[in-house]
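Colleague: I have a model open and want to go through its geometry with you. Can you take my questions one by one?

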Amino acid sequence: MFSFNLQGSRSGKLAVAGLMTTTLLLSACGNNNSNAGSNGGAGTAPAATAEATAEATAVPAATAAPAVEKTVTDAMGHKVTVPANPQRVIASYLEDYLVALGVTPVAQWSTKNGTQAYLAAELKDVPPISYDLPLEAVTSFTPDFHIVQSEGSVQNGLYDQLNKIAPTYVLGDEVSSDWRAALLKIGELLNKTPEAEKAIADYDQKAASAKAAVSEAIGDDSVAVLWLVSKNFFIVDETRSSGAVLYGDLGVKLPNLVTDIPAESRAPWNPISLEKLSELTAEHIILVNSDKASGAEITEGAVWKGIPAVKAGNVHEFGKDTSWLYSGPIANTKTIDDILSSFVK
C-alpha cells in the first residue's frame with residue numbers, strides 16, 4: 001500500500017479502515033463432541049443405539065481442523081508466533097485489507113487531519129489510534145496481534161516495545177508495495193487465504209470489464225491524475241495507488257508530463273509546478289482536490305484555465321475523502337467506480 005502520511009511517509013506527502021464482524025472458527029467441533037456423549041435420558045442405552053447416536057453426531061471427517069498458532073518470519077527477520085485465531089488486531093494503515101477479509105480492527109489509523117475517510121462507513125464504530133502508535137494507546141486496546149506496514153515505522157526500538165504488548169509482524173515495504181501480495185500475506189496470517197484469493201479474483205474481473213469499457217469510451221486519449229494540496233500540485237505515475245489502477249490495470253495512456261520524467265527518478269506522486277502544467281497535453285485530467293478553499297485562486301487562474309484539458313472541460317474532480325490517494329482492494333475498487341463514472345456514460 002502506498003502511504004501519504006504527512007508525518008513520515010516515504011514520499012513525504014499526505015495520504016492515507018473497515019467494519020465487518022470477526023469470524024469465529026472454533027465452536028463447531030467442541031459442541032458436536034460434547035453432544036455425541038449425551039443420551040438425553042436416564043439409564044444405559046443399548047450398544048447399537050449408542051453407536052448410532054455417536055455416528056449421527058460425530059464431526060464429519062471433512063470438517064476443517066481448528067486453527068493453530070504458527071511461527072513465521074517477518075520482513076525484518078523476526079520470528080513471530082501468530083495466535084491461532086487473532087481476535088483483537090491492530091494493523092495501522094492496513095485497514096483496507098482487513099475490511100476486504102471481513103476482519104474488524106480494534107483501532108484505525110489516524111493523523112491530525114483525520115482517518116481514511118473512504119472507509120468511514122465500514123469503520124464508523126472503530127476508534128482512532130495515532131499513526132505513530134503511542135505505546136500507551138496501543139496497550140489500552142489490548143491487541144492480541146499487530147501487523148505493521150513498513151520497516152521504517154518501527155525503528156528506534158519501537159518494534160521491541162510493540163512486541164512486548166502483542167506479537168508484532170512487519171509486512172515490509174517490498175510486500176506492501178504490491179497490494180495483491182500484501183492481501184495474500186495478511187490473509188495467510190489471519191487464516192483468511194480463501195477470502196484474500198476471492199477478493200483478488202473479484203477485483204481482477206471488475207478491472208478487466210472496466211478496461212474494456214474505458215477503452216471504448218476514450219480510446220487512446222491520455223489522462224493525467226493531479227493532486228492539489230496546500231497550493232501545490234503532484235502528478236501520479238503508474239506504480240502505486242490510483243496510478244497503478246488507471247495506467248496498469250485499466251491500460252489508460254500516461255500523460256506526457258509523466259513520461260518526460262526518467263523512470264528511475266519518478267515517485268508515486270511527483271511534485272510539479274503550475275508553469276510546467278501549462279505544457280500538459282493530456283486530453284483528460286482527474287483532479288484530486290484536497291485544497292478546495294485556498295486552492296481556488298490557482299484553479300481560477302489564467303495558467304490553469306489555459307491547459308488544453310481544462311479549456312475543453314475535461315476535468316473530473318474528486319475530493320480528499322475519496323480513495324484516490326490510497327491503495328488496497330477496497331480503495332482500488334472505489335477508484336475504478338470513479339473512473340467509470342467519469343468516462344463511461
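What follows is a short exchange on confidence, helix packing, backbone angles and contacts.

Colleague: What is the mean pLDDT of the protein chain?

Modeller: This is a predicted model, so confidence comes first. Of the chain's residues, 81% reach 70 or more. The mean pLDDT of the protein chain is 85.

Colleague: Over which residues does pLDDT stay under 50?

Modeller: The stretch still has 115 contacts beyond four places in sequence in the model. Its pLDDT stays under 50 throughout. The stretch is residues 1-61.

Colleague: Why do the buried residues of α5 sit on the same side?

Modeller: Helix α5 spans residues 158-165, and L158, Y159 and L162 are buried there. An α-helix has 3.6 residues a turn, so residues three or four places apart point the same way. The three buried residues lie on the same side of α5 because they cover an arc of only 95° around the axis.

Colleague: Which elements do the buried residues of α5 pack against?

Modeller: One partner is a helix, α4 (135-140). The others are strands. They are β2 (79-82), β6 (145-148) and β7 (168-170).

Colleague: Are α7 and α8 roughly parallel or antiparallel to each other?

Modeller: Helix α7 covers residues 179-189 and helix α8 covers residues 193-218. Their axes are 7 Å apart and the packing angle is about 155°. Angles over 145 degrees count as roughly antiparallel. The two helices are therefore roughly antiparallel.

Colleague: How do the residues of the contact of α7 with α8 divide into nonpolar, polar and charged?

Modeller: From α7 come W179, R180, L183, L184, G187 and E188. They meet T193, A196, E197, A199, I200, Y203 and D204 in α8. The division is seven nonpolar, two polar and four charged.

Colleague: What is the phi of N156, and is N156 buried or exposed?

Modeller: Most residues other than glycine have a negative phi. N156 is not a glycine, yet its phi is positive, near 55°. N156 lies in the loop between β6 and α5. At 81% relative accessibility, N156 counts as exposed.

Colleague: Where is N191 found, and what is its phi?

Modeller: N191 is in the loop between α7 and α8. At 26% relative accessibility, N191 counts as partly exposed. N191 is not a glycine, but its phi is positive, about 60°.

Colleague: Is S110 buried or exposed?

Modeller: S110 is found in strand β4, residues 108-110. Buried means under 20% relative accessible area. S110 has 11%, so S110 is buried.

Colleague: What separates the C-alpha atoms of S110 and Y131?

Modeller: Not counting residues up to four places away in sequence, S110 touches T115, P128, I129, S130 and Y131. S110 and Y131 are 21 residues apart along the chain. Their C-alpha atoms are separated by 5.4 Å.

Colleague: How far apart in space are E238 and T259, C-alpha to C-alpha?

Modeller: E238 is in the loop between β9 (232-236) and α9 (241-249). At 30% relative accessibility, E238 counts as partly exposed. Beyond four places in sequence, E238 is in contact with G243, A244, Y247, L254, V258 and R266. E238 and T259, 21 residues apart in sequence, are 10.0 Å apart in space.

Colleague: Which residues is N256 in contact with, leaving aside its neighbours within four places in sequence?

Modeller: N256 is in helix α10, residues 256-259. N256 and L280 are 24 residues apart in sequence and 6.6 Å apart in space, C-alpha to C-alpha. The contacts of N256 are E279, L280, T281 and A282.

Definitions and conventions: Residues are numbered from 1 along each chain as its sequence is written. This is a predicted model: local features need pLDDT of at least 70, side-chain atom pairs count only at pLDDT 80 or more; totals for chains, interfaces and linings use all residues. Side-chain values use heavy atoms; hydrogens and water are left out. pLDDT is the predictor's confidence in each residue, from 0 to 100. Contact means heavy atoms within 4.5 Å. Buried means under 20% relative accessible area, exposed over 50%, partly exposed in between (1.4 Å probe, protein chains only). Helices (H or I, at least four residues) and strands (E, at least two) are DSSP runs, numbered from the N terminus. The arc is that of the directions from the helix axis to the C-beta atoms. Axes are lines fitted to C-alpha atoms, for helices over the stretch in contact, and angles run from 0 to 180 degrees between N-to-C directions. Angles under 35 degrees count as roughly parallel, over 145 as roughly antiparallel, 65 to 115 as roughly perpendicular and the rest as oblique. Ala, Val, Leu, Ile, Met, Phe, Trp, Tyr, Cys and Pro count as nonpolar, Asp, Glu, Lys and Arg as charged, and the others, Gly among them, as polar.
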